[in-house]
Structure formats: C-alpha cells, structure tokens
Amino acid sequence: MTDHLPPKEEPRSPLRPLARILRARDKGENPDLIEKENLRRRHEVMRDKSRRRSEGRLLALGLFFIAGFVVVGARMGGLATSLPAEPRLASGAHITSARAEIVDREGRLLATNLVTQALYAHPQEMVNIPHAVSELKRIFPDIDEVKLREQFSGKRKFVWIRKTLSPEQVQQVHDIGEPGLLFATREMRLYPNGRTAAHVLGGASFGSEGVRAAEVIGVAGVERQFDERLRDPARLAEPLELSLDLTIQATTREILQGGVKLFDAKGASGIIMDIDTGEIVSMVSLPDFDPNDRPLPLTSGDPGDSPLFNRAVQGVYELGSVYKIFAVAQAMELGLINANTMIDTQGPMTWGRFRIRDFHDYGPRLTTSDVIVKSSNIGTAHIAQMIGPSRQQAFFEQMGFLKATPIELFEAASGRPLLPAKWGELASMTISYGHGLSTSPVHLAAGYATLVNGGTLVTPTLLKQSGRRMGPRVVSDGTSAEVREMLRAVVNEGTASFAKVDGYDVGGKTGSADKPKPTGGYYKNKVVATFAGAFPMSDPKYVVVVTLDEGSQFIAGENRRTAGWTAVPVTAELIRRVAPLLGVRPEIAPLAESGIREARNTQ
Amino acid sequence: MRMFLAIVMGGAVLLLAFWAYQENYRTRHALSEVRKVRGEISLLREELGVLRAEWAYLNRPERLRQLAELNFPKLGLLPMTPDQFGRLDQIGYPKPPELVPPEGELEGEQNND
C-alpha cells in the first residue's frame, strides 16, 4: 500500500491526533471515538476518490460505445443516401468464353457467340457402358465406337465426348438415362452467314475447356489476328467493325461462283477495294468453306488446293500483263516517255539467249498507249530497259510489292511475294510484263488504286475506316491522269472490250499469265486470268480485281483461255450488280464522236 | 427519477435493437432479390444472344435470295440495275394550287370606282 502513494499527495492526517486526544482525555471523553471519526472521514475520502475514478471509467466506456454506434449510424445513413451502382465483376483466374462480336461496316452480324452444351463422361459413375456407347453411336453417327469403349474402360476419370451439342441432341443423350454422361456449359462461336466471308473470318475453336466454360480462341483470319482484342474484357461490348459489306460480299461470291462454274475454273478470287480509304469492301476466294465447320488442312499435296487457302491474300502468282501499267507509269513519271511516244515492238526480242515474244505480231512500232491497249510484251520490255533494274526495284518497293501486304489477316504474312534471285536487266524486263515476280491479288489491287487515285499510296485494310486516308505520293497527278486514259482505252478499244458496262466508265487491264510448272518452264494450256480495273474512270471510286485459275470456255469456235474471254465478263457482271449497291451513280456517257470531252476533276 | 431514466434508456435500447434487426432482415431480403434479378438478367441476356444469332441466321443473304426467288410471282424482286437511279429534276412534283382572288376585294378596283 505504501509504495503506491502518488508523489503529490499530502501526508495523511493521523488517526489519533495528539492534541485532540489529550483534550478529550482531560474532558473525560472516550478518545476511541476520535479515532473512529477520523477513520470514518478517511474512508469517506477514499470512497469519494474511488467513485470518481469509476465514474470516469464508465464515462470513457460510454463514450466508446457511443462512438461505435455513431459510426454504424453514419455508415447506414451514408449507404441509404448514396446512389446504387452495379458491382464490378470479380476478375478471377477462371476460364471465360467471353468474346466480342464481329460486324460488317453497316453493323450486320458476322460472328457471334452462342450458348451450348458439351458432353463429357465420368466412366467411374457409368452404369451400363455398352448400352451407352451404342446409344451414343446412334445419336452421333460419326463417333468412333471402338475408341470410346476403350476410353471408358480405362482408368480415366474424365472423358470429353462432344464439344458442342444442339438442344435436340441434349435431350436425346439425356433420354439414354446414363448417370455417367454429364453436360458442361460453354459458349461457341457462330458464323450466321455461312460461307460468305469465310476466309476473312477464319474460324475459332476451343482452348482450355472446363465444365462451366471453355475458352474460345481464333484459329485463322481476322479471328486469329485480333484474338487479344476480341478477348479483351474492357472491349467485350464493342463489336469489331470490319470494312466488308455483307451485301457486296455475298453478291461477289455469287457472281464469282457463277464464273467458276461457267469457265470450269479450279478457283477464283475477287477483291473490291475503296480507293479513297483502302478499305476492302469485299474479298472472296473460291473454293471456300464453312467457318462453322472448318475442314482439316491438307497434309500432303499442294496447299493451294485446299479450300482453306485464301487465293486473294496467300496465293502469289505471276500475274502477267496487268503489271505492264506499272512500267509505263514509272517511265512517264521519270519523264522518259509520254502517251504518244513510239516504242519499238519489233519481235521477237532477244536478250542473250532469251527470246521475248508477243501474243500477236504488232508491227515494228506502237505508241505507249497502244502498248498497253494491245498488251505488247516487247514494248514493255523496251520501256523497262529505259528505266533500269535498280529504279524499277525502288519503285516496286515504294508500291509495296516486295513485302507482304499490311492487311489484317493472320495469313497475310504467308503471302510474301516471290522475288527473282538476281534483279538484273533480264529480270527487270520479264518483271515489266508480269513474269519473274509473284505477288498476290491484294498487292495488285493496292497498286492499281495507288496509280489511279491521283498518285498517293493506298494501303489495303480490313478494318472500317472513318474517312479518306492520304498516303505518301508515289506518282504525280499528271501521270495518274494519263494512266487512267490508257486503262479506259483498254476497255474501249483493247483486250477488255467485254468490260463495257452501261453507265459506268470502267477502265482496267487484262492479264493472262501462263502458270509456271513447279519443275521449271510453263504449262502450255493453263492460264491464270486476271482483270484489274477501276470505275468510274473519270473519278475512280472502287478498284475491282478478279482472277480465275485455269478457266476456259469453248466460245466462237475456239477454246478461250485469255482474260478477255474469262475474267473480263465476270468482272463486267460484277460491276453491273455491285455498282448500284455501292451507291455509285451511273453517268450519262459523253458523246465521244464530237471530239469534245467533259471537263474532269483529276482530284 | 433515476429509476425512471434508466427504464426509459433501457426501453430505448430495446426499440433500437428491434429497429436494427428489422433493417438487417430487410437488407437480407433485398440482397436475395438482387441475386434473383441478376440471375434473371443473365438468363435474358443469354436468350437475347440466341435470338440475335437466330435473326442474323434468318437474314443471311443466301436465304433472302432464295426467298426472293421462291416468291418471285408475288413480289417480282430483281437485282438492282444502274438504270434505276433517278435525278431530282425527273420527279414530277404536283402543280402548286392556283391562287384565285376573292370577289370584289382588289384594291385598284375599289379606288377606281
């Protein structure tokens, strides 16, 4: 007790103060009473102190409780007055099948997700395995019975049987009554339009598969190229807008399919590209496939025979005479020639031990314009000699012919052009008329768009653009105007006379290139027929490139294989059907006979 | 007095406890409602997705083309041709109505009278 004394406390008053005791004894009173009173006073003081102390403690405790209740009350008031908001999804490491949709430029659905069930088995829970296997064989005829029985009888605890099921199949499997057959939920990728835009979309399959969900990953085409963006959780609600127009795409496919049937072709490709923006409005490659049911790639033989092969992007061919315009354009740009310069076309032209021949003998000389209109190899070879191989190579580099196209498809990288081993004078001469350099039709479309739009580079793209895109200048306005004149002349007077379409000023160039044999040399009667054109030529808006692989038709007494008889009529029909859909107004043709031409804007 | 206050305080505590528990029950009920509504929303979203896919499938170009061909006698739909474009001055607008002045209210006539 004594060691707890606080330092400031006064010394305690004694219980038996001497003075008072002595006075009490003198008076004859009991001194113990004084002691008792002092003791009582002391205890009273102690009680007061302890009461004050406990009151303080109670107050503190009460304050704590009040504080607690005030906080709870304030929180409740805050929650009651705040605005309700959706809680954000907990992003865990679980499998999610969420994938953004793909739409065309008008917002029509090209690829979407569909909820479906998958079928799996727990063999350890199965009651009657042979019955189950025979019933499954009945419901799914293409299932491998032997393999399934093997999987069920082994030690495996989990067997996937089918990855997608229709609701009817779900009901049928349920009716088997087997407890070991279970259903898993997932979403699958659905392409409602079937074969239309098959190569562009590509296809999708399942990655990691769980019982609640399965990951959908892109396998080819746009699905694979934009796999990250399609699975990005922040952009799931935003569909991927392609530059394709479903109507135009379907029409192109229909007409190209008709052309393939009519000319018995092995395959075909058609590209329609907007010149101002480089957007590809339709891209079709035949034969094609159903992306909902993607066939397996070929394991042997020529990969070009598979329907999965995209002839517009992956197929690199020596495209032939369509390339002549690039040599002429470069020569005019360099100021070496103009449209009326006489070019030597005396055939056959020899260089070393090589001979260059024309389809027909065109005489000793032709104007540059006629070299294009009549399509003379010798004339173009002479022009290439004027330009020189290094300048030609630089020009082709500018045009983008020496590397794969920047188009947004996974397969674009495999469409790398095949360049000559040595780009010397002979190579430059053969390249000038389209043999010696193999490129894809998309390269050609972009090149033609660049030449006819006034001379600025056009980059092909599959994504919807918001407006005109101006690339760097490649040729001058004047050269572009001359080129347009020549291409128009090809249709009006030259090899592409079937391309005349009423109301649309079509211009373009044909190319019938012999297919090279894999062993070297060329086939005598197999031709890749191309027509690359643009319309309306007075102010070009769209480029159309159509190639037909080994098309031929017995017309007018002879087996016709050249582009003028095969690819050109197909293109004419295509333009006739597609131009009104694109909203291009037909023009009233100017009176050519009067010699007066309408004033034209070259911009 | 003190006893009265103590009883009043005790009663207040009981009332507050009662109110707090009511709030609790109401909150739990609201949470279960929210869970039910969220479940309904996800089911409806799924249904919406399926319907959109079905609509796109029914609207695919091949099917529409086949339908147009099938119903040609009734509809007579053909592909668009370039000669179907018209110009604004080719449209025959109706003639504006002639303005006939009412009888006897020409200013000039009244003055000349």
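**Exercise 1. The second largest pocket**

What is the volume of the second largest pocket, and which residues of its lining are the closest to its centre?

*Solution.* This is a predicted model, in which local features need pLDDT of at least 70, side-chain atom pairs count only at pLDDT 80 or more, and totals for chains, interfaces and linings use all residues. Residues are numbered from 1 along each chain as its sequence is written, chains are lettered from A and ligands numbered from 1 in the order in which they are written, and side-chain values use heavy atoms, with hydrogens and water left out.

Step 1: the volume of the second largest pocket is about 1500 Å³, where a pocket is an open set of points on a 1 Å grid over the protein atoms alone, with protein on both sides within 12 Å along at least five of seven lines.

Step 2: 44 residues line this pocket, and the closest to its centre are Phe359(A), Asn377(A), His435(A), Ser512(A) and Asp514(A); a lining residue has an atom within 4 Å of a point.

Step 3: strand S15 (522-535) of chain A is one of the elements that supply at least two residues of the lining, and S15(A) gives the most, with five residues. Helices (H or I, at least four residues) and strands (E, at least two) are DSSP runs, numbered from the N terminus.

**Exercise 2. The largest cavity**

Find how many cavities of 30 Å³ or more the structure holds, and describe the largest cavity.

*Solution.* Step 1: there are three cavities of 30 Å³ or more, a cavity being a set of points where a 1.4 Å probe fits but cannot get out.

Step 2: the largest cavity holds about 60 Å³ of space, and among the residues that line it are Arg195(A), His199(A), Gln249(A), Met283(A) and Asp288(A).

Step 3: helix H6 (198-201), helix H9 (246-262) and strand S9 (280-286) of chain A are the elements that give two or more residues to the lining of the largest cavity.

**Exercise 3. A salt bridge across the sequence**

Locate the partner of Glu223(A) in a salt bridge, and say which parts the pair ties together.

*Solution.* Step 1: the partner is Arg99(A), with the closest N and O atoms 2.8 Å apart; a salt bridge is a side-chain nitrogen of Lys or Arg within 4 Å of a carboxyl oxygen of Asp or Glu.

Step 2: because Glu223(A) lies in helix H7 (residues 221-225) of chain A and Arg99(A) in the loop between H2 and strand S1 (102-103) of chain A, the pair ties together parts that are 124 residues apart in sequence.

**Exercise 4. Unusual backbone**

Which bond joins Leu286(A) and Pro287(A)?

*Solution.* Step 1: the two are joined by a cis peptide bond, with omega about 0°, and Pro287(A) lies in the loop between S9 and helix H10 (324-333) of chain A.

Step 2: the peptide bond from Phe535(A) to Pro536(A) is also cis, with omega near -20°.

Key: Grid points are joined across faces, edges and corners, and a volume is the space filled by probe spheres set on the points.
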